[in-house]
Amino acid sequence: MCDPDSLKELIEGLNSMSSFSILTHVSPDGDTLGAGLAMYIMLTSMGKKAEVVCEEPVPHIYCYLPHSKDVVLPENAVGYECAIAVDCADMQRFKKAEHIFAAAKHTMVIDHHFTNRGYAEVNLICPEASAACEVVFEVIKAMDRPIDYATSVCLYTGIVTDTGNLTYSNTTPECIRMVAEMYENGLNITEINRNIYRTVPFAKTRLQGHVLSNMKLENGGRIGIATLTVAEMDSYGATNEDCEGIVDNVRDVESVRVAVFIREGRDGTFKVSLRSKECADVGRIAGKYGGGGHAAAAGYTSHEPLSTTIANVLRDVAQELDQ
Ligand SMILES: [Mn+2]
């Protein structure tokens, strides 16, 4: 349950204002897009103006989300009266959309990251919620607005992608009840799961095979590490999106306690993704380098060369594991 006072304040703002820019986070995932689009559907159904702003085009796998075609890039955004950040732990998560938040007359946050310190005027942050979509579900209910079919597709997507299909430790009875209610009302979960998990580009499967066959075990097998360069990506004709999920495959190896996946970016930096099996707090490691996330899943950008990036992360993870 969200804090009732914050919820009340947020609802008052949503009811009284007439136009909203909904901001999602960089490297958009199912939760930020699902939460943003569910808010968009509710607000426009109330006769209000709204836009969902995303740093990059909606990833291919999330194009089935209702109104995904209405999502705009920051340079095409109008910039409305009130900015609502969804699933964004801090303002660095907006990147190119930062000016929209800064220019908005009023600001709101709807989030579930415990690291979120509440950088808006109204902050609805529920760390116990599995996903931002779980918080949005509560908001819609509290406002007596309907969870229609399109809304349930969005909310279900955010909940299942943030909870590993209702199996990660952040899964709550509450979010399972929400899913049950949406399922009862006719939600086609089979179709959505096919869209998210069973529609893989050929290039992605080949790329994953390459990366995983080159992964290494360190620290007596407790750390699994895989790397990927731009040249390797190009040789498979793969996109950034095709790299999603590799770190989870590394984590799933039997002996691995912490998984590391390092991917070279086109700007020469390295994106480090971390996963842990509940024995180490990888969010703490990411935080040290200006990144973010949760104890079990986190990431950051390294500006060091690959060899230094690898050495640093292996040292930090080993320290975290020994604590
Ligand atoms: Mn989330």
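**Exercise 1. Determine where Glu 138 lies in this predicted model and whether a salt bridge accompanies it.**

Solution.
1. Glu 138 belongs to helix α4, which covers residues 132-142.
2. Setting aside residues up to four places away in sequence, Glu 138 touches Met 1, Cys 2, Leu 7 and Met 178.
3. The residue is buried.
4. A salt bridge requires a side-chain nitrogen of Lys or Arg within 4 Å of a carboxyl oxygen of Asp or Glu.
5. For Glu 138, the nearest side chain of opposite charge is that of Arg 177, 10 Å away. Glu 138 therefore has no salt bridge.

**Exercise 2. Identify the protein donors of the manganese ion and state which helices hold Asp 31 and Asp 162.**

Solution.
1. The protein donors are Asp 31 (OD), Asp 87 (OD), His 112 (NE2) and Asp 162 (OD), at 2.1 to 2.3 Å from the manganese ion.
2. Along the sequence, these donor residues follow the spacing D-x55-D-x24-H-x49-D.
3. Asp 31 is part of helix α2 (residues 30-45), while Asp 162 is part of helix α5 (residues 149-162), so the pair ties together parts that are 131 residues apart in sequence.
4. Asp 31 and Asp 162 are both buried.

**Exercise 3. Establish whether Ile 192 is buried or exposed, and list its contacts beyond four places in sequence.**

Solution.
1. Ile 192 sits in helix α7, residues 189-197.
2. Its relative accessible area is 4%. Buried means under 20%, so Ile 192 is buried.
3. Beyond its neighbours within four places in sequence, Ile 192 is in contact with Tyr 64, Val 153, Tyr 156, Thr 157 and Leu 187.
4. Between Ile 192 and Ser 27, the C-alpha to C-alpha distance is 20 Å, and the two are 165 residues apart in sequence.

Definitions and conventions
Residues numbered from 1 in each chain as written. Predicted model: local features only at pLDDT ≥ 70, side-chain atom pairs only at ≥ 80, totals over all residues. Heavy atoms only, no water. Donors = N, O, S within 2.8 Å, 3.2 Å for Na, K, Ca; no water. Helix = DSSP H or I, 4+ residues; strand = E, 2+ residues; numbered from the N terminus. Buried < 20%, exposed > 50% of the residue type's maximum accessible area, 1.4 Å probe, protein only. Contact = heavy atoms within 4.5 Å. Lys, Arg positive; Asp, Glu negative; His and termini not counted.
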